[in-house]
Amino acid sequence: SPSAKDGVTVHDAIKLNKTLVTRAREAANAIADDIQRHISEHTTDSTERATLRLLGVTGVNDIDVPLVNVVVEQARELLPAGIVRPFVDLMLRTGKDAQQVAEGMAAGDLHLEAVSAERRAAAEQRGVELAAQGVGRIDAVRRRREELVAECGEALKPYVYVIVATGNIYEDAAQAQAAARAGADVIAVIRTTAQSLLDYVPFGETTEGFGGTYATQENFRLMRAALDEVGAELGRYIRLCNYASGLCMPEIATMGALERLDMMLNDSMYGIIFRNINMQRTFVDQYLSRLINARAGIIINTGEDNYLTTADAFEKGYTVVSSDFINEAFALRANLEPWQIGLGHAFEINPATPDQVVYQVADAQLIRQLFPEYPLKYMPPTKYMPGDIFQGHIIDGMFNFTGIFTGQEIMLLGMLTEALHTPLLQDRYVSIKNAKYVFEACRHLADEVEFRPGGMIEKRADDVLRRATEQLEHVQAISLFKALEDGEFADVKRDPRGGRGFEGVFKISADYFNPFFAALCDGRLSGPPTGPAPGTEP
(Lines give C-alpha, C1' and ligand atoms only; values in the text may rest on other atoms or scores of the structure.)
Protein backbone atom coordinates (compact mmCIF):
# COMPACT_ATOMS: atom_id res chain seq x y z
CA SER A 1 0.00 0.00 0.00
CA PRO A 2 1.24 3.53 -0.70
CA SER A 3 2.41 5.91 1.97
CA ALA A 4 3.20 9.62 1.67
CA LYS A 5 6.56 11.00 2.77
CA ASP A 6 6.71 14.80 2.53
CA GLY A 7 4.98 14.83 -0.83
CA VAL A 8 6.59 11.63 -2.17
CA THR A 9 4.55 8.47 -2.57
CA VAL A 10 6.32 5.26 -1.58
CA HIS A 11 4.62 2.22 -3.14
CA ASP A 12 5.18 -1.43 -2.30
CA ALA A 13 3.99 -2.15 -5.80
CA ILE A 14 6.29 -5.00 -6.83
CA LYS A 15 6.10 -8.35 -5.11
CA LEU A 16 9.65 -9.01 -3.91
CA ASN A 17 11.15 -12.30 -2.77
CA LYS A 18 11.39 -11.81 0.99
CA THR A 19 13.96 -14.58 1.35
CA LEU A 20 16.28 -12.93 -1.15
CA VAL A 21 15.98 -9.57 0.62
CA THR A 22 16.84 -11.16 3.97
CA ARG A 23 19.80 -13.05 2.48
CA ALA A 24 21.13 -9.91 0.80
CA ARG A 25 20.96 -7.83 3.97
CA GLU A 26 22.53 -10.59 6.08
CA ALA A 27 25.42 -10.91 3.62
CA ALA A 28 25.93 -7.13 3.54
CA ASN A 29 25.99 -7.02 7.34
CA ALA A 30 28.59 -9.79 7.44
CA ILE A 31 30.70 -7.94 4.86
CA ALA A 32 30.51 -4.72 6.89
CA ASP A 33 31.32 -6.53 10.15
CA ASP A 34 34.48 -7.95 8.56
CA ILE A 35 35.62 -4.50 7.41
CA GLN A 36 34.60 -2.93 10.72
CA ARG A 37 37.16 -5.16 12.43
CA HIS A 38 39.81 -3.69 10.15
CA ILE A 39 38.55 -0.18 10.92
CA SER A 40 38.72 -0.77 14.68
CA GLU A 41 42.38 -1.82 14.40
CA HIS A 42 43.65 1.11 12.32
CA THR A 43 43.94 4.86 12.11
CA THR A 44 45.09 7.16 9.32
CA ASP A 45 46.80 10.48 8.71
CA SER A 46 43.48 12.07 7.79
CA THR A 47 41.61 10.62 10.78
CA GLU A 48 44.20 12.15 13.12
CA ARG A 49 44.16 15.45 11.21
CA ALA A 50 40.36 15.56 11.52
CA THR A 51 40.78 15.06 15.27
CA LEU A 52 43.03 18.14 15.39
CA ARG A 53 40.44 20.14 13.46
CA LEU A 54 37.80 19.08 15.98
CA LEU A 55 40.12 20.37 18.71
CA GLY A 56 40.10 23.74 16.97
CA VAL A 57 43.26 23.76 14.85
CA THR A 58 42.94 25.66 11.57
CA GLY A 59 45.04 27.71 9.17
CA VAL A 60 48.35 27.20 7.38
CA ASN A 61 52.05 27.84 7.96
CA ASP A 62 54.21 30.36 6.09
CA ILE A 63 54.34 28.16 2.97
CA ASP A 64 50.61 27.36 2.98
CA VAL A 65 50.85 23.87 4.46
CA PRO A 66 47.81 23.27 6.71
CA LEU A 67 48.80 23.25 10.37
CA VAL A 68 47.06 19.92 10.92
CA ASN A 69 49.38 18.39 8.31
CA VAL A 70 52.40 19.99 9.97
CA VAL A 71 51.51 18.52 13.36
CA VAL A 72 50.78 15.02 12.05
CA GLU A 73 53.93 14.91 9.91
CA GLN A 74 56.06 15.85 12.91
CA ALA A 75 54.45 13.18 15.08
CA ARG A 76 54.16 10.18 12.77
CA GLU A 77 55.88 7.83 15.22
CA LEU A 78 53.23 8.72 17.83
CA LEU A 79 50.18 8.13 15.59
CA PRO A 80 49.59 4.44 16.49
CA ALA A 81 48.59 5.68 19.96
CA GLY A 82 46.66 8.66 18.56
CA ILE A 83 47.53 12.34 18.28
CA VAL A 84 45.19 13.52 21.06
CA ARG A 85 47.11 12.44 24.15
CA PRO A 86 50.51 13.97 23.26
CA PHE A 87 48.92 17.07 21.73
CA VAL A 88 46.73 17.79 24.75
CA ASP A 89 49.67 17.03 27.05
CA LEU A 90 51.65 19.73 25.25
CA MET A 91 48.73 22.13 25.67
CA LEU A 92 48.74 21.45 29.43
CA ARG A 93 52.52 21.79 29.77
CA THR A 94 52.65 25.10 27.89
CA GLY A 95 49.33 26.62 28.95
CA LYS A 96 48.49 27.25 25.29
CA ASP A 97 45.30 26.42 23.38
CA ALA A 98 45.18 24.02 20.42
CA GLN A 99 45.74 26.70 17.78
CA GLN A 100 48.69 28.19 19.64
CA VAL A 101 50.31 24.77 20.07
CA ALA A 102 49.96 24.01 16.36
CA GLU A 103 51.43 27.40 15.45
CA GLY A 104 54.29 26.82 17.87
CA MET A 105 55.03 23.48 16.26
CA ALA A 106 54.96 25.05 12.80
CA ALA A 107 57.46 27.67 13.99
CA GLY A 108 59.73 24.99 15.41
CA ASP A 109 59.34 26.22 18.98
CA LEU A 110 57.28 23.28 20.29
CA HIS A 111 57.57 19.54 19.81
CA LEU A 112 55.35 16.59 20.66
CA GLU A 113 56.67 13.71 22.71
CA ALA A 114 55.37 10.52 24.24
CA VAL A 115 53.37 11.23 27.40
CA SER A 116 54.96 10.09 30.64
CA ALA A 117 52.98 7.86 33.00
CA GLU A 118 52.52 10.60 35.60
CA ARG A 119 51.00 13.02 33.03
CA ARG A 120 48.85 10.49 31.24
CA ALA A 121 45.66 10.74 33.32
CA ALA A 122 45.58 14.53 33.18
CA ALA A 123 46.05 14.55 29.41
CA GLU A 124 43.30 12.01 28.90
CA GLN A 125 40.86 13.77 31.22
CA ARG A 126 41.44 17.08 29.44
CA GLY A 127 41.15 15.32 26.08
CA VAL A 128 37.70 14.02 27.01
CA GLU A 129 36.64 17.54 28.03
CA LEU A 130 37.92 19.05 24.77
CA ALA A 131 36.21 16.34 22.74
CA ALA A 132 32.90 17.20 24.38
CA GLN A 133 33.47 20.86 23.54
CA GLY A 134 34.33 20.04 19.92
CA VAL A 135 31.22 17.94 19.46
CA GLY A 136 29.25 20.69 21.18
CA ARG A 137 30.24 23.04 18.36
CA ILE A 138 28.75 20.59 15.87
CA ASP A 139 25.58 20.28 17.94
CA ALA A 140 25.16 24.06 17.98
CA VAL A 141 25.40 24.24 14.19
CA ARG A 142 22.84 21.46 13.85
CA ARG A 143 20.44 23.33 16.14
CA ARG A 144 20.87 26.45 14.02
CA ARG A 145 19.84 24.50 10.91
CA GLU A 146 16.73 23.26 12.67
CA GLU A 147 15.87 26.83 13.68
CA LEU A 148 16.28 28.12 10.12
CA VAL A 149 14.20 25.32 8.62
CA ALA A 150 11.46 26.17 11.11
CA GLU A 151 11.72 29.86 10.24
CA CYS A 152 12.08 29.62 6.44
CA GLY A 153 10.00 26.57 5.68
CA GLU A 154 10.79 23.25 4.04
CA ALA A 155 10.68 22.37 0.35
CA LEU A 156 8.23 19.78 -0.93
CA LYS A 157 10.00 16.58 -1.94
CA PRO A 158 11.45 15.39 -4.17
CA TYR A 159 14.25 17.86 -3.62
CA VAL A 160 15.30 19.58 -6.83
CA TYR A 161 19.09 19.23 -6.74
CA VAL A 162 21.38 21.09 -9.16
CA ILE A 163 25.09 21.73 -9.41
CA VAL A 164 27.33 24.78 -9.76
CA ALA A 165 30.88 24.33 -10.97
CA THR A 166 32.51 27.54 -12.18
CA GLY A 167 35.78 27.31 -10.23
CA ASN A 168 35.15 30.74 -8.65
CA ILE A 169 33.29 30.61 -5.32
CA TYR A 170 31.78 34.05 -5.86
CA GLU A 171 30.45 33.12 -9.29
CA ASP A 172 29.22 29.83 -7.81
CA ALA A 173 27.32 31.79 -5.16
CA ALA A 174 25.65 34.01 -7.77
CA GLN A 175 24.66 31.02 -9.88
CA ALA A 176 23.42 29.14 -6.81
CA GLN A 177 21.13 32.02 -5.85
CA ALA A 178 19.78 32.18 -9.42
CA ALA A 179 19.11 28.44 -9.32
CA ALA A 180 17.27 28.74 -6.01
CA ARG A 181 15.09 31.51 -7.42
CA ALA A 182 14.30 29.22 -10.36
CA GLY A 183 13.15 26.48 -7.97
CA ALA A 184 16.21 24.53 -6.81
CA ASP A 185 16.12 23.09 -3.28
CA VAL A 186 19.69 21.72 -3.06
CA ILE A 187 22.86 23.27 -4.44
CA ALA A 188 25.89 21.02 -4.88
CA VAL A 189 29.22 22.74 -5.39
CA ILE A 190 31.29 20.44 -7.59
CA ARG A 191 34.90 20.13 -6.50
CA THR A 192 37.78 21.08 -8.75
CA THR A 193 39.16 18.16 -10.72
CA ALA A 194 41.31 15.75 -8.66
CA GLN A 195 40.97 17.52 -5.30
CA SER A 196 40.10 14.13 -3.86
CA LEU A 197 43.71 13.08 -4.57
CA LEU A 198 45.20 15.91 -2.49
CA ASP A 199 46.40 14.74 0.92
CA TYR A 200 45.60 18.13 2.43
CA VAL A 201 42.70 20.58 2.42
CA PRO A 202 43.41 23.95 0.77
CA PHE A 203 42.82 26.99 2.95
CA GLY A 204 40.76 30.12 2.34
CA GLU A 205 38.55 31.35 -0.47
CA THR A 206 39.41 30.31 -4.03
CA THR A 207 38.54 31.87 -7.38
CA GLU A 208 40.18 29.43 -9.78
CA GLY A 209 39.42 25.78 -10.37
CA PHE A 210 39.08 23.32 -13.24
CA GLY A 211 35.73 21.58 -13.59
CA GLY A 212 34.67 22.81 -10.17
CA THR A 213 35.62 24.84 -7.11
CA TYR A 214 37.99 23.87 -4.30
CA ALA A 215 36.29 22.54 -1.18
CA THR A 216 37.64 24.73 1.62
CA GLN A 217 36.11 25.78 4.90
CA GLU A 218 35.97 29.41 3.79
CA ASN A 219 34.27 28.47 0.53
CA PHE A 220 31.75 26.46 2.53
CA ARG A 221 31.10 29.51 4.71
CA LEU A 222 30.66 31.84 1.75
CA MET A 223 28.22 29.56 -0.05
CA ARG A 224 26.26 28.86 3.13
CA ALA A 225 25.81 32.61 3.66
CA ALA A 226 24.65 33.08 0.06
CA LEU A 227 22.07 30.31 0.35
CA ASP A 228 20.81 31.60 3.71
CA GLU A 229 20.33 35.00 2.11
CA VAL A 230 18.31 33.70 -0.82
CA GLY A 231 16.44 31.23 1.39
CA ALA A 232 15.20 34.08 3.57
CA GLU A 233 14.12 35.92 0.44
CA LEU A 234 12.22 32.90 -0.92
CA GLY A 235 10.81 31.59 2.36
CA ARG A 236 12.39 28.17 1.74
CA TYR A 237 15.49 26.68 3.35
CA ILE A 238 18.04 25.93 0.60
CA ARG A 239 20.33 23.00 1.26
CA LEU A 240 24.06 22.95 0.51
CA CYS A 241 25.99 19.88 -0.63
CA ASN A 242 29.69 19.16 -1.14
CA TYR A 243 32.02 16.18 -1.21
CA ALA A 244 33.53 14.31 1.75
CA SER A 245 35.22 11.74 -0.47
CA GLY A 246 38.95 11.51 -1.11
CA LEU A 247 42.13 11.42 0.94
CA CYS A 248 40.77 14.02 3.38
CA MET A 249 37.33 12.46 3.91
CA PRO A 250 36.97 13.00 7.70
CA GLU A 251 38.56 16.46 7.55
CA ILE A 252 36.11 17.73 4.94
CA ALA A 253 33.26 16.14 6.90
CA THR A 254 34.44 18.16 9.91
CA MET A 255 34.48 21.36 7.88
CA GLY A 256 31.03 20.60 6.52
CA ALA A 257 29.68 19.99 10.02
CA LEU A 258 31.06 23.29 11.30
CA GLU A 259 29.82 25.35 8.32
CA ARG A 260 26.33 23.83 8.21
CA LEU A 261 26.40 21.81 5.06
CA ASP A 262 23.23 19.77 4.73
CA MET A 263 24.34 16.98 2.40
CA MET A 264 27.72 15.44 1.68
CA LEU A 265 28.78 12.93 -0.95
CA ASN A 266 30.05 10.17 1.31
CA ASP A 267 30.45 6.72 -0.19
CA SER A 268 32.30 3.82 1.39
CA MET A 269 33.87 2.67 -1.90
CA TYR A 270 33.75 5.55 -4.42
CA GLY A 271 37.30 6.79 -3.74
CA ILE A 272 38.66 3.28 -4.02
CA ILE A 273 37.06 2.49 -7.35
CA PHE A 274 37.10 5.81 -9.17
CA ARG A 275 40.09 7.65 -7.65
CA ASN A 276 42.38 4.71 -6.79
CA ILE A 277 42.62 5.74 -3.16
CA ASN A 278 43.87 2.86 -1.03
CA MET A 279 40.95 0.75 0.18
CA GLN A 280 42.35 0.17 3.67
CA ARG A 281 42.61 3.92 4.19
CA THR A 282 39.22 4.68 2.67
CA PHE A 283 37.31 2.30 4.91
CA VAL A 284 38.90 3.75 8.05
CA ASP A 285 38.32 7.33 6.95
CA GLN A 286 34.70 6.83 5.88
CA TYR A 287 33.83 5.60 9.37
CA LEU A 288 34.89 8.78 11.20
CA SER A 289 33.52 10.98 8.42
CA ARG A 290 30.12 9.31 8.75
CA LEU A 291 30.11 9.56 12.54
CA ILE A 292 30.64 13.30 12.07
CA ASN A 293 27.91 13.51 9.41
CA ALA A 294 25.55 11.61 11.68
CA ARG A 295 26.14 13.94 14.61
CA ALA A 296 25.82 17.03 12.39
CA GLY A 297 22.45 15.99 10.94
CA ILE A 298 23.94 15.82 7.44
CA ILE A 299 22.36 13.61 4.78
CA ILE A 300 24.96 11.47 3.04
CA ASN A 301 24.76 10.68 -0.67
CA THR A 302 26.41 7.52 -1.97
CA GLY A 303 27.85 7.15 -5.46
CA GLU A 304 26.54 3.94 -6.99
CA ASP A 305 25.48 5.87 -10.09
CA ASN A 306 29.16 6.03 -11.07
CA TYR A 307 29.31 2.24 -11.47
CA LEU A 308 27.13 2.54 -14.53
CA THR A 309 29.51 4.91 -16.29
CA THR A 310 32.16 2.18 -16.52
CA ALA A 311 29.89 -0.90 -16.57
CA ASP A 312 26.73 -1.52 -18.57
CA ALA A 313 23.63 -0.40 -16.68
CA PHE A 314 21.38 -3.15 -18.02
CA GLU A 315 23.77 -6.04 -17.42
CA LYS A 316 25.41 -4.75 -14.23
CA GLY A 317 22.52 -2.92 -12.58
CA TYR A 318 22.58 -5.53 -9.82
CA THR A 319 25.97 -4.20 -8.63
CA VAL A 320 24.26 -0.93 -7.73
CA VAL A 321 21.83 -2.82 -5.50
CA SER A 322 24.67 -4.82 -3.91
CA SER A 323 26.61 -1.66 -3.16
CA ASP A 324 23.51 0.05 -1.74
CA PHE A 325 23.16 -2.82 0.74
CA ILE A 326 26.86 -2.49 1.70
CA ASN A 327 26.64 1.30 2.04
CA GLU A 328 23.54 0.87 4.20
CA ALA A 329 25.39 -1.52 6.51
CA PHE A 330 28.33 0.85 6.92
CA ALA A 331 26.01 3.83 7.45
CA LEU A 332 24.07 2.11 10.23
CA ARG A 333 27.34 1.22 11.96
CA ALA A 334 28.23 4.92 11.96
CA ASN A 335 24.98 5.92 13.71
CA LEU A 336 23.36 7.56 10.68
CA GLU A 337 19.61 7.68 11.06
CA PRO A 338 17.38 6.44 8.20
CA TRP A 339 16.50 9.96 7.03
CA GLN A 340 20.24 10.66 6.61
CA ILE A 341 21.06 7.70 4.35
CA GLY A 342 20.76 8.92 0.77
CA LEU A 343 21.65 5.77 -1.13
CA GLY A 344 22.42 6.38 -4.79
CA HIS A 345 21.38 4.91 -8.12
CA ALA A 346 20.99 6.18 -11.67
CA PHE A 347 18.99 6.38 -14.91
CA GLU A 348 21.74 5.05 -17.20
CA ILE A 349 20.37 2.28 -19.43
CA ASN A 350 21.16 3.00 -23.07
CA PRO A 351 18.21 4.96 -24.59
CA ALA A 352 18.48 2.75 -27.69
CA THR A 353 17.40 -0.24 -25.57
CA PRO A 354 13.77 -1.18 -26.33
CA ASP A 355 11.57 -0.51 -23.30
CA GLN A 356 14.40 1.43 -21.64
CA VAL A 357 12.03 3.34 -19.35
CA VAL A 358 10.19 0.17 -18.36
CA TYR A 359 13.47 -1.31 -17.12
CA GLN A 360 14.48 1.96 -15.47
CA VAL A 361 11.17 2.00 -13.57
CA ALA A 362 11.79 -1.59 -12.48
CA ASP A 363 15.28 -0.80 -11.16
CA ALA A 364 14.17 2.40 -9.40
CA GLN A 365 11.07 0.80 -7.89
CA LEU A 366 13.14 -2.13 -6.61
CA ILE A 367 15.58 0.15 -4.81
CA ARG A 368 12.73 2.28 -3.44
CA GLN A 369 11.09 -0.81 -1.91
CA LEU A 370 14.32 -2.29 -0.60
CA PHE A 371 15.12 0.93 1.28
CA PRO A 372 11.73 2.51 2.08
CA GLU A 373 12.92 4.69 4.96
CA TYR A 374 15.79 6.35 3.12
CA PRO A 375 15.86 9.56 1.02
CA LEU A 376 17.22 7.92 -2.12
CA LYS A 377 19.31 10.05 -4.47
CA TYR A 378 18.51 9.44 -8.13
CA MET A 379 21.11 10.48 -10.70
CA PRO A 380 20.25 11.65 -14.23
CA PRO A 381 21.47 10.28 -17.56
CA THR A 382 25.04 11.24 -18.42
CA LYS A 383 26.75 8.33 -20.19
CA TYR A 384 24.44 8.34 -23.21
CA MET A 385 23.46 11.99 -23.38
CA PRO A 386 23.58 13.04 -27.04
CA GLY A 387 24.88 16.23 -28.59
CA ASP A 388 21.29 16.89 -29.71
CA ILE A 389 20.11 19.06 -26.82
CA PHE A 390 16.42 18.61 -27.66
CA GLN A 391 16.70 14.83 -27.51
CA GLY A 392 18.71 15.17 -24.31
CA HIS A 393 15.99 17.33 -22.78
CA ILE A 394 13.40 14.62 -23.53
CA ILE A 395 15.62 11.94 -21.96
CA ASP A 396 15.93 14.12 -18.85
CA GLY A 397 12.15 14.38 -18.82
CA MET A 398 11.84 10.60 -18.74
CA PHE A 399 14.32 10.55 -15.85
CA ASN A 400 12.15 13.06 -14.00
CA PHE A 401 9.07 10.94 -14.71
CA THR A 402 10.74 7.77 -13.42
CA GLY A 403 11.86 9.59 -10.28
CA ILE A 404 8.46 10.94 -9.26
CA PHE A 405 6.67 7.74 -10.30
CA THR A 406 8.90 5.57 -8.09
CA GLY A 407 9.08 7.91 -5.10
CA GLN A 408 12.70 9.10 -5.23
CA GLU A 409 13.37 11.95 -2.80
CA ILE A 410 16.59 13.62 -4.01
CA MET A 411 16.57 14.29 -7.75
CA LEU A 412 19.81 15.55 -9.29
CA LEU A 413 18.58 17.19 -12.46
CA GLY A 414 20.10 16.43 -15.81
CA MET A 415 21.10 19.28 -18.13
CA LEU A 416 20.28 19.38 -21.83
CA THR A 417 23.91 20.39 -22.47
CA GLU A 418 25.33 17.58 -20.27
CA ALA A 419 28.97 16.85 -21.23
CA LEU A 420 29.05 19.74 -23.72
CA HIS A 421 30.04 22.56 -21.36
CA THR A 422 29.60 23.77 -17.80
CA PRO A 423 25.86 24.53 -17.59
CA LEU A 424 24.83 28.09 -18.35
CA LEU A 425 22.17 29.81 -16.24
CA GLN A 426 19.52 29.22 -18.89
CA ASP A 427 20.43 25.51 -19.15
CA ARG A 428 19.80 25.09 -15.45
CA TYR A 429 16.60 27.14 -15.67
CA VAL A 430 15.02 24.97 -18.37
CA SER A 431 16.05 21.77 -16.54
CA ILE A 432 14.34 22.98 -13.36
CA LYS A 433 11.26 23.99 -15.37
CA ASN A 434 11.15 20.51 -16.92
CA ALA A 435 11.38 18.82 -13.53
CA LYS A 436 8.81 21.04 -11.85
CA TYR A 437 6.31 20.34 -14.61
CA VAL A 438 6.79 16.57 -14.50
CA PHE A 439 6.77 16.38 -10.70
CA GLU A 440 3.48 18.24 -10.38
CA ALA A 441 1.87 16.65 -13.44
CA CYS A 442 2.61 13.12 -12.16
CA ARG A 443 2.72 13.60 -8.37
CA HIS A 444 -0.06 11.12 -7.58
CA LEU A 445 0.13 8.91 -10.65
CA ALA A 446 1.69 6.03 -8.69
CA ASP A 447 -1.38 5.98 -6.41
CA GLU A 448 -3.49 4.99 -9.42
CA VAL A 449 -1.28 2.29 -10.92
CA GLU A 450 -0.60 -1.36 -10.15
CA PHE A 451 2.15 -3.37 -11.82
CA ARG A 452 1.11 -6.55 -13.61
CA PRO A 453 2.12 -9.66 -11.59
CA GLY A 454 4.74 -11.55 -13.53
CA GLY A 455 5.14 -8.68 -15.97
CA MET A 456 8.32 -7.14 -17.36
CA ILE A 457 8.84 -4.85 -14.38
CA GLU A 458 8.41 -7.52 -11.75
CA LYS A 459 10.61 -9.99 -13.65
CA ARG A 460 13.36 -7.41 -14.09
CA ALA A 461 13.26 -6.47 -10.41
CA ASP A 462 13.37 -10.11 -9.35
CA ASP A 463 16.33 -10.83 -11.64
CA VAL A 464 18.29 -7.81 -10.37
CA LEU A 465 17.57 -8.69 -6.74
CA ARG A 466 18.56 -12.32 -7.26
CA ARG A 467 21.85 -11.40 -8.94
CA ALA A 468 22.62 -8.80 -6.25
CA THR A 469 22.02 -11.37 -3.53
CA GLU A 470 24.29 -13.87 -5.24
CA GLN A 471 27.00 -11.25 -5.62
CA LEU A 472 26.77 -10.21 -1.97
CA GLU A 473 27.07 -13.80 -0.80
CA HIS A 474 30.08 -14.25 -3.08
CA VAL A 475 31.69 -11.10 -1.67
CA GLN A 476 30.99 -12.32 1.84
CA ALA A 477 32.79 -15.57 1.03
CA ILE A 478 35.92 -13.96 -0.42
CA SER A 479 35.96 -10.63 1.56
CA LEU A 480 35.30 -7.13 0.27
CA PHE A 481 39.02 -6.45 -0.13
CA LYS A 482 39.31 -9.40 -2.54
CA ALA A 483 36.12 -8.44 -4.35
CA LEU A 484 37.50 -4.95 -5.02
CA GLU A 485 40.76 -6.49 -6.15
CA ASP A 486 38.81 -8.69 -8.59
CA GLY A 487 36.78 -5.80 -10.05
CA GLU A 488 33.39 -6.90 -8.71
CA PHE A 489 32.10 -3.30 -8.78
CA ALA A 490 32.14 -1.01 -11.83
CA ASP A 491 34.50 -3.46 -13.64
CA VAL A 492 37.44 -1.67 -11.96
CA LYS A 493 40.18 -3.64 -10.17
CA ARG A 494 42.13 -2.22 -7.20
CA ASP A 495 45.09 -3.47 -5.16
CA PRO A 496 44.45 -3.70 -1.38
CA ARG A 497 47.99 -2.42 -0.76
CA GLY A 498 48.09 -0.05 -3.72
CA GLY A 499 46.58 3.27 -4.62
CA ARG A 500 47.12 6.66 -3.06
CA GLY A 501 47.41 7.09 0.69
CA PHE A 502 48.43 3.61 1.82
CA GLU A 503 51.48 5.04 3.59
CA GLY A 504 49.07 6.99 5.80
CA VAL A 505 47.45 3.89 7.35
CA PHE A 506 48.62 2.81 10.83
CA LYS A 507 47.77 -0.19 12.95
CA ILE A 508 46.79 1.23 16.34
CA SER A 509 48.51 0.26 19.55
CA ALA A 510 46.82 -1.17 22.62
CA ASP A 511 46.83 2.26 24.28
CA TYR A 512 45.28 4.17 21.35
CA PHE A 513 43.35 7.18 22.66
CA ASN A 514 40.83 9.26 20.74
CA PRO A 515 37.91 10.51 22.83
CA PHE A 516 36.09 11.96 19.82
CA PHE A 517 34.69 8.58 18.81
CA ALA A 518 32.88 8.22 22.15
CA ALA A 519 31.85 11.88 22.17
CA LEU A 520 30.35 11.66 18.67
CA CYS A 521 28.42 8.54 19.60
CA ASP A 522 27.29 10.13 22.88
CA GLY A 523 26.68 6.82 24.55
CA ARG A 524 25.03 5.21 21.54
CA LEU A 525 26.57 1.97 20.40
CA SER A 526 28.05 2.31 16.94
CA GLY A 527 26.98 -0.89 15.27
CA PRO A 528 24.24 -2.66 13.39
CA PRO A 529 20.62 -1.89 14.28
CA THR A 530 19.04 -3.98 17.01
CA GLY A 531 15.50 -3.89 15.64
CA PRO A 532 14.06 -5.43 12.47
CA ALA A 533 16.01 -4.55 9.33
CA PRO A 534 14.13 -2.02 7.19
CA GLY A 535 12.62 -3.04 3.90
CA THR A 536 12.47 -6.80 4.42
CA GLU A 537 8.75 -7.20 3.86
CA PRO A 538 7.54 -7.92 0.32
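Student: What share of the contacts in the protein chain with a separation of 6 or more comes from residues 24 or more positions apart?

Tutor: In this predicted model, residues 24 or more positions apart account for 77% of the contacts in the protein chain with a separation of 6 or more. The chain itself has 19 helices and 13 strands.

Student: What makes the protein chain as compact as a globular protein of that length?

Tutor: The radius of gyration is 23 Å, and the globule rule gives 24 Å for 538 residues; the two values are close, so the chain is as compact as a globular protein of that length. Along the principal axes, the C-alpha atoms fill a box of roughly 75 × 50 × 40 Å. Buried residues make up 60% of the 538 residues, while the chain exposes about 20000 Å², of which carbon and sulfur atoms supply 53%.

Student: Why is Q360 called buried?

Tutor: The cut-off for buried is under 20% relative accessible area, and Q360 has a relative accessibility of 1%, so Q360 counts as buried. This residue is found in helix 14, which covers residues 356-370.

Student: Which residues is Q360 in contact with, leaving aside its neighbours within four places in sequence?

Tutor: With those neighbours left aside, Q360 is in contact with A346, F347, E348, I349, Y378 and T402. For I349, the side chain of Q360 reaches the backbone nitrogen at 2.8 Å, and the cut-off for a polar contact between N or O atoms is within 3.5 Å.

Student: Why is G136 called partly exposed?

Tutor: Buried requires under 20% and exposed requires over 50%, with partly exposed in between; the relative accessible area of G136 is 27%, so G136 is partly exposed. G136 lies in helix 6, residues 117-152, and the C-alpha atoms of G136 and R295, which are 159 residues apart along the chain, are separated by 9.9 Å.

Student: How do you know that helix 2 is largely enclosed by the rest of the structure?

Tutor: The conclusion rests on a count: 11 of the 11 residues of helix 2, residues 45-55, are buried, so the helix is largely enclosed by the rest of the structure. Among the buried residues of helix 2 are D45, E48, R49 and R53, as well as A50, L52, L54 and L55.

Student: Which residue takes a positive phi just after helix 2?

Tutor: That residue is G56, whose phi is about 115°.

Student: How far apart are the mean positions of the positive and negative charges of the protein chain?

Tutor: For the 53 positive and 74 negative charges of the protein chain, the mean positions are 2 Å apart.

Definitions and conventions:
Residues numbered from 1 in each chain as written. Predicted model: local features only at pLDDT ≥ 70, side-chain atom pairs only at ≥ 80, totals over all residues. Heavy atoms only, no water. Helix = DSSP H or I, 4+ residues; strand = E, 2+ residues; numbered from the N terminus. Rg over C-alpha atoms; globule rule 2.2 N^0.38 Å. Buried < 20%, exposed > 50% of the residue type's maximum accessible area, 1.4 Å probe, protein only. Contact = heavy atoms within 4.5 Å. Areas by Shrake-Rupley, 256 points an atom, 1.4 Å probe, with all protein chains shown as cover. Lys, Arg positive; Asp, Glu negative; His and termini not counted. Charge placed at Lys NZ, Arg CZ, Asp CG, Glu CD. Polar contact = N/O pair within 3.5 Å; in protein donor to acceptor, adjacent residues only side chain to side chain.
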